[in-house]
Amino acid sequence: MEHSLEIYNTLNRRKERFVPLHEPHVGLYVCGPTVYGDAHLGHARPAITFDLLFRYLQHLGYKVRYVRNITDVGHLEHDADEGEDKIAKKARLEQLEPMEVVQHYLTRYRHAMEALNVLPPSIEPMASGHIIEQIELVKQILEAGYAYESAGSVYFDVEKYNRDHHYGVLSGRNIEEMINNTRSLDGQDEKRNGVDFALWKAAQPEHIMRWPSPWSEGFPGWHCECTAMGRKYLGEEFDIHGGGMDLVFPHHECEIAQAVASHGHPIVRYWMHNNMITINGQKMGKSLGNFITLEQFFTGDHPNLYKPYSPMTIRFFILGAQYRGTVDFSNEALEAAEKGMERLLDAAALLDGLKTADATSVEVAGLRKRCYDAMNDDLNSPMVIAALFDAARAINAVHNGQGTITQADLDELREVFRLFLFDLLGMRDERASGASGNEAFAKAMDLLLNIRAEAKARKDWATSDKIRDELTDLGFTIKDTKDGAEWKLN
């Protein structure tokens, strides 16, 4: 494909031109949620980041197979190899079957993603549905000599692997130093070394979720699922693996080691990681207890929220920063995002009503190129938004009679807004899908404003002002122009 898309490859710590293995096909794998609670703002960021990538790759003409997994077994507390399975713990506390917990929160996660206008992936595999593939992966690693069995569990031998390959290639960690600092005395642990990680865990008697295996009745280690499912659905090598920056170590580092140990080579070419959402400078997460769920954002039902924020406000807030930069939550930042989003949506809504002229006096040239340059520069969404803000100024100038535009330039503006604001950034005008977009509602508003115009014509200022003031109290903005009154629901 003819394009100049560059993405930052965490593996090589630099931006690289994206060249797929099997053009025009692209394989994209992204780590999805562990479904034991409601999705929060931290879950929204990778979903929106890789939705932007998915949309752009498709726009460039690629046939993208996008796999986003669901973790429903094997993810233990604190991302460790000991403790309870996060879903099993939730099931025990609520006296439910684990799969009841999974189904409940998976349904709510999907509803939240739909509200955020995140496109569904091509395949959404679940860890519990791929136990056979994970057992086969463990067998291959054992046969290659990079794992060992201990008390019915199987552990990856990091020290042996590191002698032959490089454990730490993605995270840049000094593994020799880690090994020396984490050695445990014989008999104190099932592991030979503290940095070894579980490929298969023998289930304790109280453990609810368990499957038969050659080693014990148990369950797979958390890191196995992505290696096994990525390989199943995208092949022995695929293009992009994405996820949050908190997954670089240990999760993605372990994935690389598993792939090399079982096949002799890495299976991923580009590793992409979005940065964290923070609250008061600390990562927002369920395990830290400092999270705000997406449902709470949408309803405003949280002590740290001044008011509700719409799904599109959340999406615009996240896209307002480049995906590798940190985003710190605050009501002020969300309110600024809300105002910025409304400014662009208002400008887009004005496009169909603009009057054209023989010449263009506002700045339109180069807008499309600016947006493409920003997208090709590692999905620089804030620069796309900045270009659209400049276009909004031009639209408002023409609307207010302070500038002119030709039909060709108006068509270009309309196309650029459709492509970049709606198709790629994935914004939608929620006002157009709610009551304010209802045809009967709009006609009722027009009727009220016509009555007000007639009152003004009769110089009945009391009636005119009463209609305007009461509509303002209800949340409308009424603006008088030379062509008549305009309204907007705030």
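Me: Rings of Phe, Tyr and Trp (its six-membered ring) pair if their centres lie within 6.5 Å, and planes under 30 degrees apart count as stacked, over 60 as edge-to-face and the rest as tilted. How many aromatic pairs does a search of the whole structure find?
Reply: Welcome! This is a predicted model, in which local features need pLDDT of at least 70, side-chain atom pairs count only at pLDDT 80 or more, and totals for chains, interfaces and linings use all residues. Residues are numbered from 1 along each chain as its sequence is written, and side-chain values use heavy atoms, leaving out hydrogens and water. The search of the whole structure gives a number of aromatic pairs equal to 15.

Me: Is the aromatic pair of Tyr-167 and Phe-197 stacked or edge-to-face?
Reply: The two ring centres are 6.4 Å apart, and 20 degrees separate the planes. Since planes under 30 degrees apart count as stacked, the pair of Tyr-167 and Phe-197 is stacked.

Me: Which parts of the chain does this pair link?
Reply: Helices (H or I, at least four residues) and strands (E, at least two) are DSSP runs, numbered from the N terminus. The two residues are 30 places apart in sequence. Tyr-167 sits in the loop between helix H5 (158-164) and helix H6 (175-182), while Phe-197 belongs to strand E7 (residues 197-202).

Me: Is Tyr-167 buried or exposed?
Reply: Buried means under 20% relative accessible area, exposed over 50%, and partly exposed in between (1.4 Å probe, protein chains only). With a relative accessibility of 2%, Tyr-167 is buried.

Me: Which residues form a cluster through ring pairs?
Reply: Tyr-167 and Phe-197 are both part of this cluster. Its full membership is Tyr-146, Phe-156, Tyr-161, Tyr-167, Phe-197 and Phe-249.

Me: Which residue lies over the face of Tyr-146?
Reply: A charge sits over a ring if NZ of Lys or CZ of Arg is within 6 Å of the ring centre and within 35 degrees of the ring normal. For Tyr-146, the distance to the ring centre is 5.9 Å, and the residue is Lys-160.

Me: Which strands hold Phe-476 and Trp-487?
Reply: These two rings make an edge-to-face pair, with 6.0 Å between centres and 65 degrees between planes. Phe-476 is buried at 7% relative accessible area, whereas Trp-487 is partly exposed at 23%. The pair ties together parts 11 residues apart in sequence, because Phe-476 lies in strand E14 (residues 476-481) and Trp-487 in strand E15 (residues 484-489).

Me: Which residues does His-302 touch, not counting residues up to four places away in sequence?
Reply: His-302 is in the loop between helix H9 (294-299) and helix H10 (311-319), and its 16% relative accessibility counts as buried. Contact means heavy atoms within 4.5 Å. By that rule, and leaving out residues up to four places away, His-302 touches Phe-291, Ile-292 and Gln-296.

Me: Which elements do the buried residues of H12 pack against?
Reply: In helix H12 (residues 367-376), the buried residues are Leu-367, Cys-371, Ala-374, Met-375 and Asn-376. They pack against strand E1 (6-9), helix H1 (41-59), helix H13 (381-399) and helix H14 (407-424).

Me: Where is Pro-250?
Reply: Phe-249 and Pro-250 are joined by a cis peptide bond, with omega about 10 degrees. Pro-250 has its place in helix H8 (residues 248-263).
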